[in-house]
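Got your viewer open? Let's take a short walk through this one, one selection at a time.

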Amino acid sequence: MSDTAVTTEQPSRSPLSDEVARRRTFAIISHPDAGKTTLTEKLLLFGGAINLAGQVKAKGERRNTRSDWMKIERERGISVVTSVMTFEFEGLVFNLLDTPGHEDFSEDTYRTLTAVDSAVMVIDAAKGIEARTRKLFEVCRLRDIPIITFINKMDRESRDTFDLMDEIEKTLALDTTPMTWPVGRGRDFIGTYDIRDGGVRLLEGGGAKTGAAQQIEISELGKINANLDMSQITDELELVREACKPFDLEAFREGHLTPVYFGSALRNFGVGDLLEGLGRYAPSPRAQDSNLRKVDAAEPRMSAFVFKIQANMDPNHRDRIAFARLCSGKLSRGMKAKLVRTGKTMPLSSPQFFFAQDRSVADEAFAGDVVGIPNHGSLRIGDTLTEGEDLTFVGVPSFAPEIVRRVRLTDAMKAKKLKEALQQMSEEGVVQVFRPRDGAPALVGVVGPLQLDVLKARLDAEYSLPVEFEVSEFSLARWISSDDKKKLEAFVASNNSGVADDVDGDPVFLAKNEFYLGYTKERAEGIVFSNVKDVK
Ligand code: GDP
């Protein structure tokens with residue numbers, strides 16, 4: 001794919017801390033159509049992808065309808081659709097974790113963000129911050145994940161550049177530092193000015209790899225394109241230097257400041273700047289919080305948590321793949337791990353490594369990497385695996401659903417079976433289940449509609465339970481808690497028909513709409529309403 005050196009054939013045997021230090025595990029957050037897929041393809045091109053778990057979907061395939069997706073899953077058995085993409089660039093190992101968008105947007109998209117150390121926020125230069133980007137950003141903020149911004153589609157008509165920066169600052173409460181600045185806009189976009197070293201990197205049409213882009217002095221720009229208003233460009237750059245904050249690594253790493261790059265993924269421009277920025281500034285695997293202590297990535301003993309489960313849609317093959325992010329140490333094929341939730345030991349006899357060109361060559365992974373662990377339902381989302389220590393990572397929260405539906409059983413005799421099946425599905429993280437305290441039928445909550453399709457297909461295939469979903473009177477769910485147990489009890493008692501239990505029996509307030517939620521909140525003194533629930 002590329003001539004970049006691929007070192008996996010002679011795996012590096014350097015000490016663990018060196019392996020950890022050269023890893024960058026990140027995700028891309030964006031609104032559909034901002035250019036995530038195009039950027040991903042270009043990043044992989046730069047890096048000479050070592051292995052794609054699945055492949056980047058071909059252009060024509062990208063807009064698969066949901067039913068197509070289900071069909072594909074069925075045909076392929078377990079398909080690991082672009083869950084992890086690993087590539088090397090200049091000695092660093094990049095793990096790009098896929099954040100499903102479009103129709104496959106789901107709670108997995110949010111959960112994936114708990115398994116990365118940084119994120120690239122792709123913004124369409126004509127549109128600015130869009131709804132989905134904002135939501136995904138909020139999830140990143142929960143963990144103070146550092147964000148690098150890529151303002152894409154600079155080759156098209158775009159909004160005012162200062163306006164875009166201002167919008168990021170205001171709507172996301174995030175400081176910005178431009179690392180590059182576009183020279184010309186739209187059709188006259190001819191390159192980016194590097195704010196640090198002062199050169200202008202020229203846009204050279206598609207396919208330019210890093211280093212291939214021609215770099216010139218700003219004074220020479222007039223010769224390139226006579227349309228450029230040189231005095232305007234110099235004034236603008238002057239203003240950028242005066243008005244914009246200098247880059248502050250610490251503020252970035254703490255999630256308070258975002259370095260901003262400009263480019264065009266389609267024309268492969270600015271992608272090299274971005275990758276270089278990721279390598280230079282994004283953190284290597286960070287220490288992870290557990291219930292007992294912080295676990296440092298370079299600790300020798302292996303630990304990992306499960307953030308995503310992909311189930312086989314084929315009823316004859318009930319196997320699943322659990323995606324686990326390594327938090328410390330090294331995982332080798334054949335090693336035994338303790339599943340802390342049950343206390344049982346499980347052999348990791350056939351983990352899938354996404355790190356080697358040829359899967360059979362790789363037999364180890366390091367903190368920061370993601371491995372796929374085949375299992376038959378023993379692993380759940382949020383599970384911790386260790387080499388014996390009884391710690392649990394506080395990594396993967398539940399996110400308030402954006403769609404709430406009532407499950408209608410076509411065969412009323414099977415209510416008990418449905419209850420069991422829903423419990424299992426919610427433990428696996430397929431959907432969230434809420435059981436109203438007043439005894440009304442269960443509700444399911446999801447972040448994206450695909451989850452409902454998956455639930456329906458799995459209930460049918462695995463439990464012979466055909467179900468339909470009905471719109472319910474509720475559309476929002478919030479976990480409720482209080483320091484004062486009596487206050488919580490009083491609230492539940494007076495809102496009984498609007499309170500349900502989640503899978504763990506924790507109380508959830510169900511509201512008809514935002515207005516009603518706001519109204520209730522104002523009057524519920526001492527009650528905390530939360531749209532995230534951390535694992536305990
Ligand atoms: P995603 O939905 O975020 O994955 O976006 P895609 O990568 O599929 O891009 C959406 C559309 O925008 C496609 O038609 C792309 O060809 C187009 N696109 C992506 N990047 C650029 C860019 O830099 N410039 C222009 N002009 N179009 C782009």
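Keep in mind that you're looking at a predicted model.

**Stop 1: two helices.** Select α11, residues 415–427, and α12, residues 450–463. Their axes sit 11 Å apart, and the helices pack at an angle of about 125°. An angle counts as oblique when it fits none of the parallel, antiparallel or perpendicular ranges, and therefore α11 and α12 are oblique to each other. The crossing of α11 and α12 is right-handed.

Now show the side chains where they touch. From α11, pick Lys 417, Ala 421 and Met 425; they meet Leu 455, Arg 458, Leu 459 and Tyr 463 of α12. What classes of residue make up this contact? Five are nonpolar, two are charged and no polar ones turn up.

**Stop 2: a sheet.** Next, colour the seven strands of an open sheet in this order: β19-β18-β23-β15-β16-β22-β20. The pairing is antiparallel. At the edges you'll find β19 (344–347) and β20 (352–353), each with a partner on one side only. In general, strands in a sheet pair through backbone hydrogen bonds.

Zoom in on β16 (residues 320–328) and β22 (residues 370–375), which run antiparallel and share six bridges. For one of the links, click Arg 320: its bridge partner in β22 is Asn 375.

**Stop 3: the ligand.** Finally, select the ligand and the 17 residues around it. Which of them come nearest? Gly 35, Thr 37, Thr 38, Ser 264 and Leu 266 do. Helix α2 (residues 36–47) gives the largest share of this shell, with three residues. Colour the shell by class and you'll get seven polar, six charged and four nonpolar residues.

Note on methods:
Residues numbered from 1 in each chain as written. Predicted model: local features only at pLDDT ≥ 70, side-chain atom pairs only at ≥ 80, totals over all residues. Near = placed C-beta within 6 Å. Helix = DSSP H or I, 4+ residues; strand = E, 2+ residues; numbered from the N terminus. Nonpolar A, V, L, I, M, F, W, Y, C, P; charged D, E, K, R; others polar. Axes fitted to C-alpha atoms, helices over the stretch in contact; angles between N-to-C directions. Parallel < 35°, antiparallel > 145°, perpendicular 65-115°, else oblique. Left-handed = near helix turned anticlockwise from the far one by under 90°. Contact = placed C-beta atoms within 7 Å. Pairing = 2+ DSSP bridges.
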